Amino acid sequence: MSLVEVIRYFAGQASANSGQPATYVVRRSGAGGAYVHGRWVETTPTTFSISGSIQRAGDESLQDLPVGMSADDARTLWTETELKTVNDDDGTPGSRSDVVVIGGVDFRVFKVFPATILDRFFRVAVGKVGVP
C-alpha cells in the first residue's frame, strides 16, 4: 500500500464510505494591516479548505510541542497543502500561523515538516488554540 493510499485510508475513517480524505477549513491571517488611532488592525483573514488526515501527535511532533502543551492538545495533520507557521511570517505586528479547524476546535500550526522527494505530503504539527 502506498503512502497516498494509507493517508486516504485513515482520512476515509472520517467519511468511511467515501474513501476520500477528510476536508478541513484553514484560516490564514491577512497579509499585514495598519495602525488605526494607534492600534494595530489586521486585514481580513482568508479561509480555504484542504484535504488531509488527522492523527494523534507522534514522538517527533511531541518533541516540538510548545511549553505547557500536553500530547492531548496536539495532532499531526498529513496534507498536500503547505501551511504557514509563525516562523514563516515576516515578524510584523499581527502576523500569525495558520489555524486549522478540526471537529469545530481551532488548532494552530506550530511546525511544518517538508514534503520529501519520495512523497508529496507535508507533516504538520498543530496544537489547540488557547492552550499555553
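**Getting to know this chain**

Q: At 22% relative accessibility, does arginine 28 count as buried, partly exposed or exposed?
A: In this predicted model, arginine 28 has a relative accessibility of 22%. Buried would need a value under 20%, and exposed a value over 50%. Since 22% falls in between, arginine 28 counts as partly exposed.

Q: Which residue meets the side chain of arginine 28 in a salt bridge?
A: Let's follow arginine 28 from its place in strand E1 to a distant part of the chain, 70 residues apart, in the loop between strand E5 (74–79) and E6. There the salt bridge is made, with 2.7 Å from N to O. The partner of arginine 28 is aspartate 98.

Q: Is aspartate 98 buried or exposed?
A: Aspartate 98 has a relative accessible area of 0%. The cut-off for buried is under 20%. With 0%, aspartate 98 is therefore buried.

Q: How many salt bridges does a search of the whole structure find?
A: Side chains of opposite charge can pair when their charged atoms come close. One such pair is aspartate 98 with arginine 28. Aspartate 106 with arginine 27 is another pair, and so is arginine 120 with glutamate 80. For the whole structure, the number of salt bridges found is three.

Q: How far apart are the closest N and O atoms of aspartate 106 and arginine 27?
A: Aspartate 106 lies in strand E7 and arginine 27 in strand E1, so this salt bridge ties together parts that are 79 residues apart in sequence. Aspartate 106 is partly exposed at 26% relative accessibility, and arginine 27 is partly exposed at 31%. Between the closest N and O atoms of the pair, the distance is 2.6 Å.

Q: Which residue forms a salt bridge with arginine 120?
A: Arginine 120 sits in the loop between E7 and E8, and its partner is 40 residues apart, in the loop between E5 and E6. Arginine 120 is partly exposed with a relative accessible area of 44%, and the partner is partly exposed with 42%. Their closest N and O atoms are 2.2 Å apart, and the partner is glutamate 80.

Q: What pattern does the protein chain follow along the sequence?
A: Here α stands for a helix and β for a strand. The chain has two helices and eight strands to place. Read along the sequence, they give α-β-β-β-β-α-β-β-β-β.

Q: Which strands each supply at least two residues of the largest nonpolar core?
A: This core has 13 residues. Those touching the most other members are Tyr24, Leu77, Leu83, Val100, Val124 and Val126. The strands that each supply at least two core residues are E1 (22–28), E6 (99–102), E7 (105–113) and E8 (122–128).

Q: Which residues does the second, separate core of six residues include?
A: Alanine 125 has its place in strand E8. It is buried, with a relative accessible area of 1%. Alanine 125 belongs to the second core, which includes Ala74, Phe110, Phe113 and Ala125.

Q: Is arginine 75 buried or exposed?
A: Arginine 75 lies in strand E5. Beyond its neighbours within four places in sequence, it is in contact with residues including Phe107, Val124, Ala125 and Val126. Its relative accessible area is 16%, and a value under 20% is needed for buried. Arginine 75 is therefore buried.

Q: What is the phi of histidine 37 near?
A: Histidine 37 is found in the loop between strand E2 (33–36) and strand E3 (39–42), and it is exposed with a relative accessible area of 82%. Most residues other than glycine have a negative phi. Histidine 37 has a positive value instead, near 55°.

Q: Which element of the protein chain has the highest mean pLDDT?
A: Across the protein chain, pLDDT averages 76, and 70% of the residues score at least 70. Over residues 13–19, pLDDT stays under 50. Among the elements, helix H1 (residues 3–12) has the lowest mean, 63, while the highest mean, 92, belongs to E6.

Definitions and conventions. Residues numbered from 1 in each chain as written. Predicted model: local features only at pLDDT ≥ 70, side-chain atom pairs only at ≥ 80, totals over all residues. Heavy atoms only, no water. Helix = DSSP H or I, 4+ residues; strand = E, 2+ residues; numbered from the N terminus. Buried < 20%, exposed > 50% of the residue type's maximum accessible area, 1.4 Å probe, protein only. Core = buried A, V, L, I, M, F, W, Y, C linked by side-chain atoms within 4.5 Å. Salt bridge = Lys/Arg side-chain N within 4 Å of Asp/Glu carboxyl O. Contact = heavy atoms within 4.5 Å. pLDDT = per-residue confidence, 0-100.
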